[in-house]
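Trainee: I should like to learn how the terms used for a protein structure are justified. May we go through one example together?

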Amino acid sequence: MTSFNAKAIAPLVRCALGLATVFSPMLVAAMERPVSRQVKMPAIVKLLADIQADKPKPPVMERVWKGADIDGDGAADFANPTGAAPRGHDVFGDGEFGARRDGGTRAHEGVDYVASAGQAVHAPMSGYVTKIGFAYAGDTGLKFVEITNPALGYAARAFYVQPGVALGDTVRLGQSIGTVASLQDHYPGITDHVHLEILAPGGDRVNAAQLITSTLVAKAGEAA
């Protein structure tokens with residue numbers, strides 16, 4: 001049996017200790033920071049993502065209503081009474097000017113602007129309150145407010161309004177003249193609205209939608 005020779009293996013021991021001294025910090029570091037298995041994002045994908053992030057967001061658009069300036073003074077002479085669009089089609093017909101009524105025996109003489117019961121109704125024209133009446137004969141539940149502007153020669157009648165003004169009052173364009181009355185007792189299921197009639201000089205009714213138009217503009221200070 002071969003005897004143990006300490007002198008022969010001493011150099012090997014010293015070499016092993018030296019290697020351990022050199023590589024042990026590297027081993028500890030590798031254990032503390034294991035190699036990530038996450039796949040790196042390709043350069044082109046990252047570039048596209050950065051471009052998309054920097055791309056300006058589209059602005060939030062809002063509908064703005066503008067009244068015609070018929071006297072040429074640079075200011076609007078008409079306003080949308082509810083701030084909403086004309087009534088579209090529902091079970092009771094259409095809200096546009098000239099729409100069929102009573103099976104086609106007559107035409108709609110105004111424009112119906114969508115509303116919520118109880119909301120404010122704004123004066124469609126400046127002038128004087130020349131009449132407060134009932135929308136239907138024998139029915140005291142639904143009223144209208146008539147405003148006349150002597151300088152323009154026009155009159156406006158806003159129907160289905162609970163008046164907040166009195167006969168003879170002076171009103172300004174856009175001022176509150178009352179609140180919207182619900183139509184559900186009279187026309188169950190109809191879209192609540194304000195029926196607006198514009199009377200030109202001479203008394204002929206004209207299309208309010210041609211005097212009160214809308215456009216989409218970017219909402220200031222907001223983005224989608």
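Mentor: Let us begin with strand 12, which spans residues 193–199 of this chain. The model is a predicted one.

Trainee: What makes strand 12 "mostly covered"?

Mentor: A residue is called buried when its relative accessible area is under 20%. In strand 12, 7 of its 7 residues are buried, so the strand is described as mostly covered.

Trainee: How do you know that both faces of strand 12 are covered?

Mentor: In a regular strand the side chains alternate between the two faces of the sheet. On one side of strand 12 lie H193, H195, E197 and L199, and on the other V194, L196 and I198; all of these are buried.

Trainee: Why are strand 4 and strand 12 said to pair?

Mentor: Pairing requires at least two bridges between the strands. Strand 4 and strand 12 have 4 bridges and therefore qualify, in the antiparallel sense. Within this pairing, Y113 has V194 of strand 12 as its bridge partner.

Trainee: Which strands besides strand 4 pair with strand 12?

Mentor: Strand 8 pairs with strand 12 in the antiparallel sense, over 5 bridges; there A156 is matched with I198. Strand 13 (residues 205–206) also runs antiparallel to strand 12 and is joined to it by 2 bridges. That number meets the requirement of at least two, so this is a pair as well. Here L199 stands opposite R205.

Trainee: What is found between strand 12 and strand 13 in their hairpin?

Mentor: The hairpin has 5 residues between the strands, and G202 takes a positive phi near 105°.

Trainee: What makes the phi of Y160 worth noting?

Mentor: Most residues other than glycine have a negative phi. The phi of Y160 is near 70°, a positive value in a residue other than glycine. Y160 lies in the loop between strand 8 (154–159) and strand 9 (161–163).

Trainee: Is Y160 buried or exposed, and how do you know?

Mentor: Its relative accessible area is 8%, which is under 20%, so Y160 is buried.

Trainee: Why is the contact of D90 with R87 called a salt bridge?

Mentor: Side chains of opposite charge can pair when their charged atoms come close. The rule asks for a nitrogen and an oxygen within 4 Å. The closest N and O atoms of D90 and R87 are 2.7 Å apart, so the contact qualifies. D90 is buried, at 12% relative accessible area, and R87 is buried too, at 6%.

Trainee: What makes D112 a partner of both R87 and R101?

Mentor: D112 and R87 meet at 2.9 Å, N to O. This pair links distant parts of the chain, 25 residues apart: D112 is in strand 4 (residues 111–114), and R87 is in the loop between strand 1 (59–67) and strand 2 (100–101). For D112 and R101 the closest N and O atoms are 3.9 Å apart, which is within 4 Å, so this pair counts also. R101 lies in strand 2, so its pair with D112 ties together parts that are 11 residues apart in sequence. D112 counts as buried, at 1% relative accessibility.

Trainee: Which residues form the network of salt bridges?

Mentor: R87, D90, R101 and D112 are linked in it. By the same rule, the count comes to 6 salt bridges.

Definitions and conventions:
Residues are numbered from 1 along each chain as its sequence is written. This is a predicted model: local features need pLDDT of at least 70, side-chain atom pairs count only at pLDDT 80 or more; totals for chains, interfaces and linings use all residues. Side-chain values use heavy atoms; hydrogens and water are left out. A salt bridge is a side-chain nitrogen of Lys or Arg within 4 Å of a carboxyl oxygen of Asp or Glu. Buried means under 20% relative accessible area, exposed over 50%, partly exposed in between (1.4 Å probe, protein chains only).
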